[in-house]
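The following exercises concern the overall form and the strand pairing of one protein chain. Each task is followed by a solution in steps.

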Amino acid sequence: MAVQQLYDLQQLDTAIIRTAALRASLDDGAAQRSGIAAAAQELADLRGRLAAWGARLRVLDLELRSVEAKRAKFQADLYSGRTGNPKELAAMQEEIDILGRVKAGIEDETLSVMEQIERTEPQAHRAEAALEASQAALAQQEAAFIAATAAADGEVADLTARRSALAAQIDEFLLKRYERLREHKGGLAVVAVTGGICEGCHVAIPERRLQVIAGDPDALAACDGCGRLLVVRVP
Ligand SMILES: [Zn+2]
């Protein structure tokens with residue numbers, strides 16, 4: 001039954017193509033990886049801002065101590081009774097007032113920086129947790145990809161071996177015809193006729209023709225509609 005062998009060959013070829021396409025469509029986690037890179041960058045930005053604010057707080061603290069020390073010196077001088085000169089006393093009071101405003105400014109900025117840190121720290125913690133979860137999900141995806149790829153490769157190897165064994169049993173001339181037909185018919189050279197309908201083009205095959213084809217299993221009958229070789233399944 002030459003045509004039945006060709007039909008079996010066709011099933012194997014179709015399965016090989018389907019499995020290879022499935023393998024090519026497997027998700028290797030590339031999209032997840034680029035998402036993780038973006039999330040890692042965002043986390044690095046947040047940490048960078050927190051570090052910069054932390055450094056700014058240390059500078060502000062030093063400035064505050066220095067201003068407080070200067071102001072305390074003026075205050076001590078003012079109340080020491082060292083001078084009774086009203087002009088000098090007024091000048092000292094002026095310095096104390098100026099330093100008081102500088103101190104208030106430093107304290108305001110310190111508060112504002114601390115608020116930014118307080119707002120950003122939870123954001124950074126969330127970003128870190130999300131990144132860790134994404135990395136775990138990626139590791140799972142990569143493992144699944146490796147397993148699925150190996151399975152598909154194994155299946156293609158198995159199908160290819162079976163195909164070679166079957167092709168070796170088929171007449172060379174017939175095999176060439178099959179390959180040519182496959183090339184021109186979108187990879188489908190041999191189709192079954194089911195319920196009197198060609199599975200390749202869905203055209204009805206006349207009943208008399210079906211009987212003739214079914215009566216001679218070695219005959220290579222082609223569909224008038226699509227030109228593919230027909231295998232008639234006798235119910
Ligand atoms: Zn057809």
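Two residues are in contact if their C-beta atoms, placed from the backbone, lie within 7 Å. The model examined here is predicted.

**Exercise 1.** Determine what share of the contacts in the protein chain with a separation of 6 or more joins residues 24 or more positions apart.

*Solution.* Step one: restrict the count to contacts with a separation of 6 or more. Step two: within that set, residues 24 or more positions apart account for 76%.

**Exercise 2.** Set the radius of gyration of the protein chain against that of a compact globule.

*Solution.* First, a compact globule of 235 residues would have a radius near 18 Å. The protein chain, by contrast, has 42 Å. Next, consider the box filled by the C-alpha atoms: along the principal axes it is roughly 135 × 35 × 30 Å. Then turn to the domains, which are domain 1 (26–149) and domain 2 (172–232); their C-alpha centres lie 77 Å apart. Finally, 9% of the 235 residues count as buried.

**Exercise 3.** Describe the secondary structure and the pairing of the strands.

*Solution.* Begin with the inventory: five helices and three strands. From the N terminus, the elements follow the order α-α-α-α-β-β-α-β. The three strands form an open sheet of mixed pairing, in the order 2-1-3. Its edges are strand 2 (197–198) and strand 3 (229–232), each of which pairs on one side only. Strand 1 (residues 190–194) runs parallel to strand 3, with four bridges between them. Within strand 3, Val-231 is the residue opposite Ala-192.

Note on methods: Residues numbered from 1 in each chain as written. Predicted model: local features only at pLDDT ≥ 70, side-chain atom pairs only at ≥ 80, totals over all residues. Helix = DSSP H or I, 4+ residues; strand = E, 2+ residues; numbered from the N terminus. Rg over C-alpha atoms; globule rule 2.2 N^0.38 Å. Buried ≥ 20, exposed ≤ 12 C-beta atoms within 10 Å, placed from the backbone. Domains from an automatic or database assignment. Pairing = 2+ DSSP bridges.
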